[in-house]
Amino acid sequence: MDFNKSKELFFGNMRRISYIHAAEALLFWDMLTIMPKKGAEARARVLGSIESEAFRLSTSDEYGAVIENLTDNADKLSAREKRMVEEASFEYTRFKKIPADLFEVFSETKATAGLIWRQAKENNDYEMFKPYLKKRIDHSRELAELWGYKDKPYDAMLESYDPALLTSQIDPIFAELLSGTRALLSRVGENVILPKVSVGDGSQFKVGEYLLKVIGYDLEAGNLYTTEHPFCSGIHSGDVRVTSKYHADNPLSSVFSVLHEGGHGIYDMNISPELEGTNLRDGASMGIHESQSRFFENILGRSHAFWNAHLGKIEDIFGVRLAKNADEFYCGINAVKPSLIRIEADELTYNLHVIIRYECEKAIFNEGVGVDVDELPELWREKYREYLGVVPETYSEGILQDSHWADADFGYFPSYAIGNLCAAQFTDAFQKQHGPIEKHVGNSEGMALIGSWLKENIHKYGKEEKPEQVMLRVCGENVNPAYFLKYIEEKINRIY
Ligand code: ZN
């Protein structure tokens, strides 16, 4: 095939796939925010149909031939084009290895497993979820064998999220993080407990918008809606949707979830418009994306300087006092306390929740026949006892708390902890150029400086660079837990 013709076909197909994904994201956002209840079944059919259309376009023989031709002629491509072809080739090769009948069974089980998981969690009924979990594990094992792996089967799953962070790379990172975290945990003393307050949805929404503006989320390129489980959908750099949920008796929950999702949203807004309609209009990896949400939620959003500047303002909007002063508020929002639920965990113990899930997933997939679904709840309890000193009494507060396994998102969890580590490394890199970050977070010029630094160094590249390239260029090294441990140690020294 002619090289120029291949290029034209490649860009055309990639654009169509990219636009289908944009439409899909919008339909999902709509389904999870404003769609009337009775639209659910029809929406599922529409989504299923356009998903298979994207699958068809991504795996057509013509597209395969075009990718092959461009790969053979890679010397004629720009660095950016080469990266697009490489990404398309990775996806094409993976999809092609899945037999159509397995793909169908896999998609069907996904929908049912999700529904059953929700009911099982509500009813604290592991037995109900168990056969579906077993199916998800078996299918993922099958996929790992089809996809292939160098070292361990679990690596085939990790590779979907970051090919440079497989078991052999993550193991030493998590070992250092685990021992550092446990040492710090032993130094935690008495916590400041903030007063219980009650705040209506309307005021919480206003505070959400206020905070989004403060952190540089462009409200003309993005909005804020209500949902059951907060998420961010980056449809286009000019159309980003973050969502939040409001708990009347816990307004701080939405404060931090808005800062978190806002961080994801700012990343999506700042991806270069030149990558529009390509497979590089995305974050470098799940880990790097999470580093941005964690940066805004924790490094900025749980800093003293941030609340010194904004506590009074959000108290005015809420119409209640949240603490005696910024010092007390700072200590309260940073209190460290081992707990059972990952998404409610503090900054220090959060990573332990992730390490526990990572170790369970390794035990499922890497150790010969693997841990059986009957043994998993006990393994879960043992690890919580060992690392956090707490043991769940119910399945709902234990193994049934996350949706990831119902979705067969094995290998996803490590991204959360990797994100925390990268956020601390990016902060260190920023500080080397601009001095202590606390000097900047309390005023609008400082926040603008932070925003443009993130945009120029990380966001604008989208997926053009691989995650390890981003880390190397910005921080001089790949993921290293020492920076996070130093950051969190300073915080613990300040509070306790
Ligand atoms: Zn996130």
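Begin by selecting asparagine 124, which is found in the loop between helix 5 (100–123) and helix 6 (126–147); helices here are DSSP runs of H or I with at least four residues, and strands are runs of E with at least two, numbered from the N terminus. The model you have open is a predicted one, in which local features need pLDDT of at least 70 and side-chain atom pairs count only at pLDDT 80 or more, while totals for chains, interfaces and linings use all residues. Residues are numbered from 1 along each chain as its sequence is written, and side-chain values use heavy atoms, with hydrogens and water left out.

Stay on asparagine 124 for its backbone: phi is near 55°, a positive value in a residue other than glycine. Most residues other than glycine have a negative phi. With 30% relative accessibility, asparagine 124 counts as partly exposed, where buried means under 20% relative accessible area, exposed over 50%, and partly exposed in between (1.4 Å probe, protein chains only).

Now select helix 5, which ends just before asparagine 124. Helix 5 has 24 residues and reaches 35 Å from its first C-alpha to its last, close to the 34 Å expected at 1.5 Å a residue, the expected span being 1.5 Å times one less than the number of residues. Its buried residues include Leu102, Phe106, Ile116 and Trp117, and helix 6 is among the elements that cover the buried residues of helix 5.

For a second positive phi, go to alanine 408, in the loop between helix 15 (376–388) and helix 16 (414–434). Alanine 408 has a phi of about 60° although it is not a glycine, and at 13% relative accessibility alanine 408 counts as buried.

The next stop is the zinc ion, which is coordinated by His260 (NE2), His264 (NE2) and Glu290 (OE) at 2.2 to 2.4 Å. Donors are N, O and S atoms within 2.8 Å of the metal (3.2 Å for Na, K and Ca), and because water is not among the atoms, sites may look incomplete. Along the sequence the donor residues follow the spacing H-x3-H-x25-E. Histidine 260 lies in helix 10 (residues 251–270) and glutamate 290 in helix 11 (residues 286–300), so this pair ties together parts that are 30 residues apart in sequence. Both histidine 260 and glutamate 290 are buried.

From helix 11, move to helix 18 (residues 444–457), whose 14 residues reach 20 Å from first C-alpha to last, close to the 20 Å expected. Colour its buried residues, which are Gly446, Met447, Ile450, Trp453, Leu454 and Asn457. They cover an arc of only 125° around the axis, which puts them on the same side of helix 18; the arc is that of the directions from the helix axis to the C-beta atoms. On the other side of helix 18, Ser444 and Glu445 are exposed. The buried residues of helix 18 pack against helix 9 (201–214), helix 11, helix 16, helix 17 (438–441) and helix 19 (467–475), a contact meaning heavy atoms within 4.5 Å.

Finally, zoom out to the chain, whose secondary structure comes to 20 helices and three strands. Its C-alpha trace spans about 70 × 50 × 50 Å along its principal axes, and buried residues make up 54% of the 496 residues.
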